Amino acid sequence: MSPRAGNAGPHTLAFVESPVQLLNVLEWAHAHAPGVGLTLVVLSPLDPMTRGQLRRMSDLARDEGHQVRWEEARGGPLAPFQTIGGLTGLLRRARRVVLGDPFSRYVQLLLTITHARDLVVVDDGTATMEFVGQLARGERLVRWHRKGGRPGPRDVIFAPVSASARRRLTPSAGRRIEIFSSMPMEETPAGVTVGANTFAWTRARFGPPRITKGADMVGTSLVETGVVDDGRYLEAVRVLAQAHGATRYFAHRREGTDKLHRLAVETGLEIVRPELPLELIARRGPIGRTILSFPSTVVHTLPLALSGTEVRVAVCDIDPAWLTENASPRAQGFLSGVTGTARDVHRLSPTATPKPADPTQSAGTAGFTAPPGPAGLTGPAAPPGAAGAVAAG
């Protein structure tokens, strides 16, 4: 079977920088050529929780017959040069390249080296929606929460590379571009092939889950990216948890420990740092009958991963009053679009405009379960055999 016919094979090279990207590469491989291995390169970040999740996802990838190459891509000033130098041969031999984040400067640099005629973009969360729109409109690639701001010095220096990457991600007579996504596509670039990610691998590999009577809440990194005020976010979580009887809060991998301590104290929620992407955690269970979320990737992916179960996903809109003064002008419209285009979810209006939490309140430890070791895992989120399987330094 030729590469264009869908065979993953040894000439397919995939680059991932997050656990969700790796999960979606596995979904793509399952959809195109079940049982056929590819070479998967992990461009490891420095964040301990992300590294831990990537280690566990790498184990699952190996179980599926894929070759995993772990690169300490950010391990010092010389690491990028060593990583790119070591990957040059693979890139030039690859017939197809699969990537998870077209906004990544690392990935954009790698795209300038490859001669692959088939490029596949898998989901990196809701950013895929923005990427597709920008590609369709011929715009420069800018993450949605940064759009509207002035380019910094690094942006200016890197502009030629970014422009080259955008050209390589544009279909031509000698280049095929595919987007494999569970996200809605309002604008599809001309000539781009779109494949639907239905989370078939996740449903086949895990579950069905045991469903509890209560509600669980999904965390978000909107505070960390500077979009939402932290005090208003914590108050919104408290109001939602109280209204719906939520008992657990599944932390986003980018959420900081200090914020989570405050959240636990002020809401009484048990904080769980999952060791795998939430789609896998929810599919394995146990999971609440209702999952509460703010606008994020999971409002699109969880209904697919939990298809056939009785779990309900409910999403709470972001009140414009919660946005920080530094939030991108694009933020409110983008977040509303994330919620408005989600299927099979219940939409919740903000129950009240939360007032900022008192910053002088002591951040104790009531209700907060400290993560044991680097993996940052608590409660029922651990898969069998996960103990001790965490990232090395």
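**Figure 1. Helices H1 and H2 are roughly parallel to each other, because the angle between them falls under 35 degrees.** In this predicted model, H1 and helix H2 (residues 48-63) pack at about 15°, and their axes are 9 Å apart. The crossing of H1 past H2 is left-handed. On the H1 side, the contact is made by Pro-19, Leu-22, Leu-23 and Leu-26. On the H2 side, Thr-50, Gln-53, Leu-54, Met-57, Ser-58 and Ala-61 take part. An α-helix has 3.6 residues a turn, so residues three or four places apart point the same way.

**Figure 2. An open sheet is formed by 7 strands with parallel pairing.** The strand order is S3-S2-S1-S4-S5-S6-S7. Strand S3 (67-71) and strand S7 (193-196) occupy the edges; each has a single partner strand, so one side of each is left without a neighbour in the sheet. On average, neighbouring strands of this sheet are turned by 20° against each other, direction ignored.

**Figure 3. Strands S4 and S5 pair in the parallel sense, and helices lie on the sheet.** The pairing of strand S4 (residues 96-99) with strand S5 (residues 118-122) extends over 4 bridges. Within this pair, Val-98 is placed opposite Val-120 of S5. Helix H5 (residues 127-137) packs on the sheet and touches S5 as well as strand S6 (176-181). The direction of H5 makes about 150° with that of S6. Helix H3 (residues 79-93) lies across strand S1 (12-16), strand S2 (39-43) and S3, and runs at about 155° to S3.

**Figure 4. Arg-74 and Glu-17 form a salt bridge.** The closest N and O atoms of this pair are 2.4 Å apart. The salt bridge links distant parts of the chain, 57 residues apart: Arg-74 belongs to the loop between S3 and H3, and Glu-17 to the loop between S1 and helix H1 (19-32). Arg-74 is partly exposed, with a relative accessibility of 29%. Glu-17, in turn, has a relative accessible area of 11% and therefore counts as buried, the cut-off being under 20%.

**Figure 5. A salt bridge joins Asp-230 and Arg-262.** The N to O distance between the two side chains is 3.6 Å. Asp-230 lies in helix H8 (residues 230-244) and Arg-262 in helix H9 (residues 257-267), so the pair, 32 residues apart, links distant parts of the chain. Asp-230 is partly exposed at 34% relative accessible area, whereas Arg-262 is buried at 17% relative accessibility.

**Figure 6. The side chains of Asp-317 and Arg-347 meet in a salt bridge.** The N to O distance here is 3.1 Å. Asp-317 is found in the loop between strand S12 (312-316) and helix H12 (331-340), and Arg-347 in strand S13 (residues 346-348), 30 residues apart. With 15% relative accessibility, Asp-317 is buried; Arg-347, at 46%, is partly exposed.

**Figure 7. Arg-56, Asp-59, Arg-62 and Glu-275 are linked in a network of salt bridges.** A search of the whole structure finds 19 salt bridges.

**Figure 8. Helix H11 (residues 298-305) is mostly covered.** Of its 8 residues, 7 are buried. The buried residues of H11 are Val-298, Val-299, His-300, Thr-301, Leu-302, Pro-303 and Ala-305.

Key:
Residues numbered from 1 in each chain as written. Predicted model: local features only at pLDDT ≥ 70, side-chain atom pairs only at ≥ 80, totals over all residues. Heavy atoms only, no water. Pairing = 2+ DSSP bridges. Helix = DSSP H or I, 4+ residues; strand = E, 2+ residues; numbered from the N terminus. Axes fitted to C-alpha atoms, helices over the stretch in contact; angles between N-to-C directions. Contact = heavy atoms within 4.5 Å. Salt bridge = Lys/Arg side-chain N within 4 Å of Asp/Glu carboxyl O. Buried < 20%, exposed > 50% of the residue type's maximum accessible area, 1.4 Å probe, protein only. Parallel < 35°, antiparallel > 145°, perpendicular 65-115°, else oblique. Left-handed = near helix turned anticlockwise from the far one by under 90°.
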